[in-house]
Amino acid sequence: MDPVVFIQQHLIDPEVCIRCNTCEETCPVDAITHDDRNYVVDASICNGCQACVSPCPTGSIDHWHPVPKAAAYSIEAQFGWDELPPKQPMPALAQPLADAGAAPVDDAPPQANAALSPSSARPPWSAAHPYLNLHTLKKPVQATVAGNFRLTAPDAEGDIHHLVLDFGTQFFPLLEGQAIGIAPPGLDAGGKPHYLRMYSVASPRSGEREGYNNVSLTVKRVTSDHDGQPVRGVASNYLCDLRKGDTVQVCGPFGDRFLMPNHDGSNLLMICTGTGAAPMRAMTEHRRRLMVAGKPVYARLMLFFGARRPEELPYFGPLTKLPASFIDTSLAFSRVPGQPRRYVQDLLRERAADVVELLRGDTCVYLCGLKGMETGVLQALADVCAAAGLEWPLLHRRLVDEGRFHVETY
Ligand code: NAP
């Protein structure tokens, strides 16, 4: 009798996936697809290249189950899942398989194809070690709303909120750059519980209020879809409408890559749009709290921040009050009446000399916000480097490999 051929089937955890579509966009062989609820991988197409693994913001993509090739989970079966099936151990007599559509049959997932990823698959060397996945959808931690206020000006189009959640005496440690998951209460149109929505923490590790076990989030109320059609964002409206004292079910922490370096002399180059400012605020505030007698103890912080108008810019007031000796901030506004549209990539070009100087040094780069900014920003970095005789593809590769180039765009 022929031995049973096993594969390492690539699966996505529906409990943790935030349905951001990054994996489907990244997959070079179109093995990933979705219905109105789940993102799934077609075992007959997936070649285990792992190009999708590093861009995934939650790690929900990185699951590999040994299964008999003939009994691989179909995409229809995966569409019906609310959680991953239990992982079965690899039987001793499995026959290795090397053909397309399957990963090698040892217990480890196949090798990552790092050449395809623009973002680091590891944190900077001096990052603190993060806690991960302490609480799942089945066992969330209950947080209490300690504050909820609007960040954008009263006449601003966007309704962006600063939400503070308190964990009391419960163990839920967070680092800057990590995210937490929130499942809105109630059921979706299909009668199932809402899936998890992910929010980057906007506060430093020592808490939104220093010394308190709390965290802040930057939440924009979603009122229209990508085509401008009116739609009521389930999680964002739930969060923006919370009142002090309300309770929220929280999962996580998530994220073990987009973390900040902790060694003296490490510069931060931060580029963000809109609510993508959340992790930059957390990192900036962490370093601000470490200042000694009003003087930075670390190296340089450079921030490029884009918004439609000053009124739409979260944290605009406090940001403009930070001294230039602590952070070098450049703001790009795209919709100020009577002024030309400016994007963060335009500012990177204007500040080319300083950007290149930073890139030549011990610098970690963080990019967060709209998906659309990614191409323009990467091109601007390539252009400013080229003009200074610095070979961007090599530098980019090195930054990525060393855990110093992090992208989180949706
Ligand atoms: P937004 O207000 O729509 O846009 C912010 C600025 O980016 C605007 O000036 C906009 O200009 C500009 N922009 C648009 N396309 C651009 C491009 N191709 N290159 C450079 N700039 C561009 O932003 P938002 O609604 O706050 O969205 C923020 C994004 O961050 C969301 O996708 C969110 O998912 C993501 N994010 C949020 C968090 C969080 O925790 N809240 C964390 C990580 C990421 P225009 O005038 O052209 O629109």
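Here are some exercises on the structure above, each with a worked solution.

The structure is a predicted model in which local features need pLDDT of at least 70 and side-chain atom pairs count only at pLDDT 80 or more, while totals for chains, interfaces and linings use all residues. Residues are numbered from 1 along each chain as its sequence is written, and side-chain values use heavy atoms, with hydrogens and water left out.

**Exercise 1. The largest core**

Find the residues with the most contacts inside the largest nonpolar core, and the elements that give two or more residues to this core.

*Solution.* Start with the terms. A nonpolar core is a set of buried Ala, Val, Leu, Ile, Met, Phe, Trp, Tyr and Cys residues joined through side-chain atoms within 4.5 Å. Buried means under 20% relative accessible area, exposed means over 50%, and partly exposed is in between (1.4 Å probe, protein chains only). Helices (H or I, at least four residues) and strands (E, at least two) are DSSP runs, numbered from the N terminus.

Step 1: the largest core has 29 residues, and those with the most contacts inside it are Leu269, Ile271, Phe304, Val355, Leu359, Trp392 and Phe405.

Step 2: two or more residues come from each of the strands E11 (267–273), E12, E14 (363–369) and E15 (405–409), and from each of the helices H6 (344–350), H7 (352–360), H8 (373–387) and H9 (392–401). H8 gives the most, with eight residues.

Step 3: another core, of 23 residues, lies apart from this one, and among its members are Met260, Leu268, Met270 and Ala307. As background, nonpolar side chains tend to be buried together in soluble globular proteins.

**Exercise 2. Strand E14 and its partners**

Work out whether the faces of E14 are covered or open, and which residues are its bridge partners.

*Solution.* Step 1: seven of the seven residues of E14 are buried.

Step 2: sort them by face. In a regular strand the side chains alternate between the two faces of the sheet. Thr363, Val365, Leu367 and Gly369 are buried on one side, and Cys364, Tyr366 and Cys368 are buried on the other.

Step 3: look at the pairing (two strands pair if DSSP finds at least two bridges between them). E14 pairs with E11 in the parallel sense over six bridges, and Leu367 is the bridge partner of Ile271. E14 also pairs with E15 in the parallel sense, over five bridges; there His406 is the bridge partner of Tyr366.

**Exercise 3. Salt bridges around Asp241**

Which residues form salt bridges with Asp241, and how exposed or buried are they?

*Solution.* Step 1: apply the cut-off, a side-chain nitrogen of Lys or Arg within 4 Å of a carboxyl oxygen of Asp or Glu. By this rule the count comes to 25 salt bridges.

Step 2: Asp241 meets Arg221 at 2.8 Å, N to O. This pair links distant parts of the chain, 20 residues apart, with Asp241 in the loop between helix H3 (234–240) and E10 and Arg221 in the loop between strand E9 (214–220) and H3.

Step 3: Asp241 also forms a salt bridge with Arg232, with the closest N and O atoms 3.9 Å apart.

Step 4: compare accessibilities. Asp241 counts as partly exposed because its relative accessibility is 41%. Arg221 is buried at 19%, whereas Arg232 is exposed at 59%.

Step 5: Arg150, Asp159, Arg221, Arg232 and Asp241 are linked in a network of salt bridges.

**Exercise 4. Arg351 between a core residue and a charge**

Identify the salt-bridge partner of Arg351, and where the two residues lie.

*Solution.* Step 1: Arg351 and Asp328 meet in a salt bridge at 2.6 Å, N to O. Arg351 lies in the loop between H6 and H7 and Asp328 in strand E13 (residues 328–333), so the pair ties together parts that are 23 residues apart in sequence.

Step 2: Arg351 is partly exposed, at 22% relative accessibility.

Step 3: add the contacts (heavy atoms within 4.5 Å). Not counting residues up to four places away in sequence, Phe304 touches Arg351, and its other contacts include Leu269, Ile271 and Val355.

**Exercise 5. Backbone geometry**

Locate the cis peptide bond and the positive phi of Gln50.

*Solution.* Step 1: the peptide bond from Gly252 to Pro253 is cis, with omega near -5 degrees. Pro253 is found in strand E10 (residues 247–254).

Step 2: Gln50 is not a glycine, although its phi is positive, at about 70 degrees. Gln50 sits in the loop between strand E3 (39–41) and strand E4 (63–68) and is buried, at 9% relative accessible area.
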